[in-house]
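Please walk through this structure with the sequence and the 3D view side by side. The route goes from sheets to hairpins, then to helix packing, domains and the chain contact.

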Number of protein chains: 2
Amino acid sequence: MTEISRSKCFLVKTLFSLVVCIMCTVSASAQQKQFSLDELLGGGESFWRLRPENMYTTWWGNMALRSTPEGVYDVHTGKEILTVEHINKCFTEKVVFSGHNFSFPMGEEPVVMFTKGLRRVMFDFHADSVILDVTLPQNAVMRDFNVKTKQTAYTVGGNLYVCTPNGEAIAVSQDGSVDGSDNIVYGQSVHRDEFGIHGGTFWSPNGKLLAYYRMDQSMVPSYPQVNIKSQGAVAGESRIASTYSCHYPMAGEKSHHVTVGVFNTETKQNVWLNLEGEKDDYHTNISWTPDGQSIYVFELNRDQNHMRLVQYNVASGEKIRTVLEEKHEKYVEPMHGLTFLPWDNSKAVMQSQRDGYNHLYILDLKTCEIKQLTKGKWVVQQFVGFNTVARRLVFRSNESDPRQSCLYSVGVKGGKRIAIGKEEGVCNGAQLSANGVMVIQSYTAPEVPRSVNLLYTATGKGKNLLTAADPWKEQGYSIPTFKSGSIKAADGVTDLYYRMVLPADFDEAKQYPTVVYVYGGPHAHLVEASWHWSSRGWETYMAQKGYITFILDSRGSEWRGLEFEQATFRQLGTVECQDQRKGVDYLMSLPYVDKDRIGVHGWSFGGFMTTNLMLTYPEVFKVGVAGGPVIDWNYYEVMYGERYMDTPEQNPDGYKNSNLRLRAGNLKGRLQLIIGYNDPVCVPQHTLSFIRACIDAGTQCDYFLYPGGEHNMYGKDAVHLHERITRYFEDYLK
Amino acid sequence: MTEISRSKCFLVKTLFSLVVCIMCTVSASAQQKQFSLDELLGGGESFWRLRPENMYTTWWGNMALRSTPEGVYDVHTGKEILTVEHINKCFTEKVVFSGHNFSFPMGEEPVVMFTKGLRRVMFDFHADSVILDVTLPQNAVMRDFNVKTKQTAYTVGGNLYVCTPNGEAIAVSQDGSVDGSDNIVYGQSVHRDEFGIHGGTFWSPNGKLLAYYRMDQSMVPSYPQVNIKSQGAVAGESRIASTYSCHYPMAGEKSHHVTVGVFNTETKQNVWLNLEGEKDDYHTNISWTPDGQSIYVFELNRDQNHMRLVQYNVASGEKIRTVLEEKHEKYVEPMHGLTFLPWDNSKAVMQSQRDGYNHLYILDLKTCEIKQLTKGKWVVQQFVGFNTVARRLVFRSNESDPRQSCLYSVGVKGGKRIAIGKEEGVCNGAQLSANGVMVIQSYTAPEVPRSVNLLYTATGKGKNLLTAADPWKEQGYSIPTFKSGSIKAADGVTDLYYRMVLPADFDEAKQYPTVVYVYGGPHAHLVEASWHWSSRGWETYMAQKGYITFILDSRGSEWRGLEFEQATFRQLGTVECQDQRKGVDYLMSLPYVDKDRIGVHGWSFGGFMTTNLMLTYPEVFKVGVAGGPVIDWNYYEVMYGERYMDTPEQNPDGYKNSNLRLRAGNLKGRLQLIIGYNDPVCVPQHTLSFIRACIDAGTQCDYFLYPGGEHNMYGKDAVHLHERITRYFEDYLK
């Protein structure tokens, strides 16, 4: 359990923070009530009022519980298990936890844990005794609790500490940066959160050993991020703007060096893994063996085309063996560690794209052989866990349709998969019971706002706990029409899926201005079979203003297999633009799309695509809004950038062809670039250099920035941003 | 003679770099040819084609010469004095100087000097002998040549050097910053170019001693100016953006410490003036006595309300005496040093606003008494020099009309002033002969593009050398109508002057959108009686597009006396906005002004005014473009800011009332803020913090910036900028 309290961001994830997963039924009904942006966007204050009803659940061992702010209750009987009121009576200092924060971390034992900020409490609710009540130091971040020893790893500045159950702090590291430079950091996420990395500490199964990352980034220059403050001087301090540290390794330049230490909380000794390879290799997906004697690391060379799964002895730090290697002429991308079979420590589940699609494998650690469990032209999207009774694996895949994501189980020896619940729509939540016999599944489909079900993982059957009504219909809003379909990619062969949102009062005899919303980068998709085809709130807002929006997942996007994704290798933007152009061909074939009023909008990779489309097809796209765009992959980071583009030295043509600065003179329509002024992902240098290029080329682009904003805007800023985007289309595409 | 090769900028001067002094006759004639922005703006490549014919002149002793790229010629006879061709023959290494660069620095001696970049050449053109041919080191800046000893002072990094006539470098200082931090700098301009300071070295009359500034700004934080580069990596260097040093003392915060040294080029010894007062006092207008034994410094306390004229012995560095003091409850602002009478070393000319208007005084250095030479409700704008024969002072003043600037002479004992040439229009150039008996006057008036005259300074009579034709008329352009007049200020009493530009095909029966162009800050005026009433090229461009432009010099602007200027003291923006509002009242009284289409535009202080007007009168101003604005005087510099506003601690209400951030919620119309991304004068923090305030208040402003641009845009950037400004009004005020 790792809490990430430091802001982490990377190109892909950030997309989803913008994609507000608003959903509703598919029929268009012209009603009276109009949406405000505040209601439609996650950042809006009234947003939650229009969300489908939800049910919050948790497991106490194998007992499914419904949680409310007041307490937790048996889902079957409604019987009260534990209330906040009861807990408050047992603490002299009143507790302000909510039932939603309760977890039962010790299986069927009557122990509840609740966390609030820096405080962690464990409570035996049969004996009414406090097992743990500890509060971490005020500046503790990256907090990682271990239930066995009840110790918490945390960082302060660049150093790593362990907090004992009685609140004592043990220093794991001493030489981390304390001057704000972040040159040496311990216990934090490394490799800029790529390769599935989200934290920097890894407790051994018995909680006595703590593996952790150490990152030396002193050789990586810092991007000069400027803090403008705004409230005038603090006493004694200058009110002038200042910079803060933001190490940013640009493609082809020096990268940071990561090592792995193991701290023994009993002896207070550190052991360093004697890592092989180059200093700027990637050390990913750290996995402990169940016996706590060794660690597996998925290691990758900087070129990202050769992965080694290496086992290390944690007592000596020495390498034991290389279990497995995987090579690919383009790239290998390990995203998941090993998960050992609960009933057989000699075998582990792993995921690999080695056959072209992400699938589940059983790795035999005695023989170093792997056995493929799932297979087909579809991908495993998530490995959820085990049914330890039936010895089955539970996972999500899009076997049924590339836009769907359903829950399945499969026997450990492979064979027939069983769909858990309906084999349609999208499973957007799966909580397994302790033994995995049952799962609480949260489910949505284009016409299903939300459904929560309690299901048997071996049979796929069970019962419905909640079917939410459509809150938009219930509250009498005028709802647009949400559609999905497919077209052929620019290669003439590949199926691409789109969604389309039509105004509520849509009239096929009219002609509508149309905005293409685009992302297009790897590790993301926009069209899925969830409520309203996963349409974003802004699309409904635009529909209400009389615009059609069109969203197409082009080649390069996720969950379609390696060939589909790697079509863009070393030429990011090229194939994606050709595919989006095909989307426009389709739009232009529709009588109700106004061919002279086509706009485009996207953020991050979608900002790169928006700018690219405006410059590549200036005769097609009249208005564009590009948020947080990449302009030149030379300015993007080593990890993501080199995976898809190699280095500028290895691929000069690819970098040149995708450098939008060099095409600034092509700009004809209205293009607004918008960034977070403190974007640490697509640093401001991208747009600033593009603006310089436009000025030099004598073209006019527009610009806006959110001071203090990073790669995406949240809360009120997000509402302001979408007002801004809307206004731009209203001004120029109207 | 000081060359400033480092970019220097301050709020006032920058205005004029934008005000492209385009001029033309006052009649409107609807003709065919249309202007391009490129032709109308100083940054345009075809700009010079539409400038009035000019005559370049210089003096050789008392002989007036006309200079051409080929050489120099007697203005009376046309006789060839010296040609570039002749000079080229005398140098083995071909010289590429132009006749325009020739000067005759040794009175009537046949010695010509020419300067090109780092090379300085002196040549006896009767003896055909080279007197000097020296080239400074490549990184030499702040170059200051002395004709007596033929030495050149220059700086490299933070250190000061003297280059001997044979090219040897003597180090004056050793401890200046060499790390780019600029913490300690020698020989450079100080106090951010306020108080008339433009350089940091001051040669003694005989050229053997060099006085110079030393500035310690280690206690002043540096604004994080970001260099984004744009061309990709230099070999071995990161291509990431970086910051560079830009010390910026904000009002009320720590200011730099300036001291004055004197270097003896013969003994190589330095003497430091033992300056009185506080370390952050201002040491301005350094003047040598003719005997080279002492130096006068106009010293000012940080509060800028107490000036002392102090004499120092340069041999010992000790203070000799305080000659004069001047106090004012608001501020005293010394802008000019002493100029000793050539025929009487015991007396010097000085300027002072002590009677409420800037006038000339004779200071008797024996008695420390001053005698007022000019007097009246008008101001001396420039002291030009002496007629040493008639013992008269030559100067420019606006005695005839606040918008005019004419040349006069007055006897050293005061008395009747004689107008030199016509007492109307604007004298925009005055070169005196060696003895000052004659002056070459360049002259312009609303209907006079340019006139160059050779005049006697004692009688005011003389002859015309050139009367330029109107190049706009000659080339058949469609010319707008330029008008000027006056209205009453918001106080109901004070006269304010405006100019107005009407489209060439103006029709009083129509209604026109109107843009108010505004500056409004001290030390500047916009309306003067030069060609086209000093209208800027952009106004003609807007007239061509069907807009009226209106320009009003409100209270606070220059050349109207101290009371007029100080009406804004401690409340910058308040009175100025009230006066501009009066201007709009006048506009609204005109039947041909469309009351619903009034816009506003200004730069620097004018950007502050534009933003202020948009927020103060949102019902009046529909569209605004604010360039390089001050938003919060808390973010402006110590020298200028504290003069007009005192410190934030002394004047909290004044700072609060003028803080536009606090009124961001008032924004209703369309407002675009534009800055140079590297503006060292109004640092980006102003606009960035305003944008943040708009976002927080839920209002929408627009934004643009010029990466690499400073406080003003030049060349192609200026053309791009004005296309941008025009487009904004076309989009939203049309």
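**Sheets, helices and contacts**

In chain A, β19-β20-β21-β22 is the strand order of an open sheet of 4 strands, and the pairing is antiparallel. The edges belong to β19 (282-288) and β22 (319-327) of chain A. Each of these has a single partner strand, so one side of each is left without a neighbour in the sheet. From one strand to the next, the twist averages 20°. Keep in mind throughout that this is a predicted model.

Look next at one pair within that order. Strand β20 (residues 294-300) of chain A and strand β21 (residues 306-313) of chain A run antiparallel and are joined by 7 bridges. One position helps to fix the register: Val297(A) stands opposite Val310(A) in β21(A).

Another antiparallel pair in chain A is worth finding. Strand β33 (residues 448-456) of chain A pairs with strand β34 (residues 462-467) of chain A over 5 bridges. Asn453(A) has Asn464(A) in β34(A) as its bridge partner. The hairpin of β33(A) and β34(A) has 5 residues between the strands. Which phi does Gly460(A) take in this hairpin? The phi of Gly460(A) is positive, near 85°.

Now turn to chain B. Here an open sheet of 4 strands follows the order β8-β9-β10-β11, with antiparallel pairing. Which strands of chain B are the edge strands? They are β8 (141-146) and β11 (169-171) of chain B, and each pairs on one side only. On average, neighbouring strands of this sheet are turned by 25° against each other, direction ignored.

Inside this order, strand β9 (residues 151-156) of chain B is joined by 5 bridges to strand β10 (residues 159-163) of chain B, and the two run antiparallel. In this pair, Val156(B) stands opposite Asn159(B) in β10(B).

Helix packing comes next. Two packed helices are described by the angle between their axes and the distance between the axes. Take helix α7 (residues 574-588) of chain A and helix α8 (residues 605-616) of chain A. Their axes come within 10 Å and cross at roughly 70°. The range for roughly perpendicular is 65 to 115 degrees. The crossing angle therefore makes α7(A) roughly perpendicular to α8(A). The crossing of α7(A) and α8(A) is right-handed.

Which residues make this contact? From α7(A) come Glu576(A), Cys577(A) and Gln580(A). From α8(A) come Met609(A), Asn612(A), Leu613(A) and Thr616(A). Sorted by class, the contact of α7(A) with α8(A) has 3 nonpolar, 3 polar and 1 charged residues.

Chain B has its own α7 and α8 to inspect. Helix α7 (residues 574-588) of chain B packs against helix α8 (residues 605-616) of chain B at an angle of about 70°, with the axes 10 Å apart. That angle makes α7(B) roughly perpendicular to α8(B). The way α7(B) passes α8(B) is a right-handed crossing. On α7(B), the contact is made by Glu576(B), Cys577(B) and Gln580(B). On α8(B), it is made by Met609(B), Asn612(B), Leu613(B) and Thr616(B). The classes in the contact of α7(B) with α8(B) are 3 nonpolar, 3 polar and 1 charged residues.

Step back to the domains of chain A. The chain is divided into domain 1 (11-51 + 477-732), domain 2 (54-135) and domain 3 (140-220 + 255-333). Over C-alpha atoms, the centres of domain 1 and domain 3 of chain A are separated by 37 Å. Where the two meet, 8 residues of domain 1 are in contact with 8 residues of domain 3. Which helix of chain A gives the most to the side of domain 1 that touches domain 3? Helix α9 (residues 638-645) does, with 5 residues. By class, that side of domain 1 has 4 nonpolar, 1 polar and 3 charged residues.

The last stop is the contact of the two chains. Chain B and chain A contribute 38 residues each. On the side of chain B that touches chain A, β16 (242-244), α11 (685-697), β42 (702-706) and α12 (715-732) of chain B each supply at least two residues. Of this side, α11(B) gives the most, with 6 residues. By class, the side of chain B that touches chain A has 18 nonpolar, 12 polar and 8 charged residues.

Definitions and conventions: Residues numbered from 1 in each chain as written. Chains lettered and ligands numbered in written order. Predicted model: local features only at pLDDT ≥ 70, side-chain atom pairs only at ≥ 80, totals over all residues. Domains from an automatic or database assignment. Contact = placed C-beta atoms within 7 Å. Nonpolar A, V, L, I, M, F, W, Y, C, P; charged D, E, K, R; others polar. Axes fitted to C-alpha atoms, helices over the stretch in contact; angles between N-to-C directions. Parallel < 35°, antiparallel > 145°, perpendicular 65-115°, else oblique. Left-handed = near helix turned anticlockwise from the far one by under 90°. Pairing = 2+ DSSP bridges.
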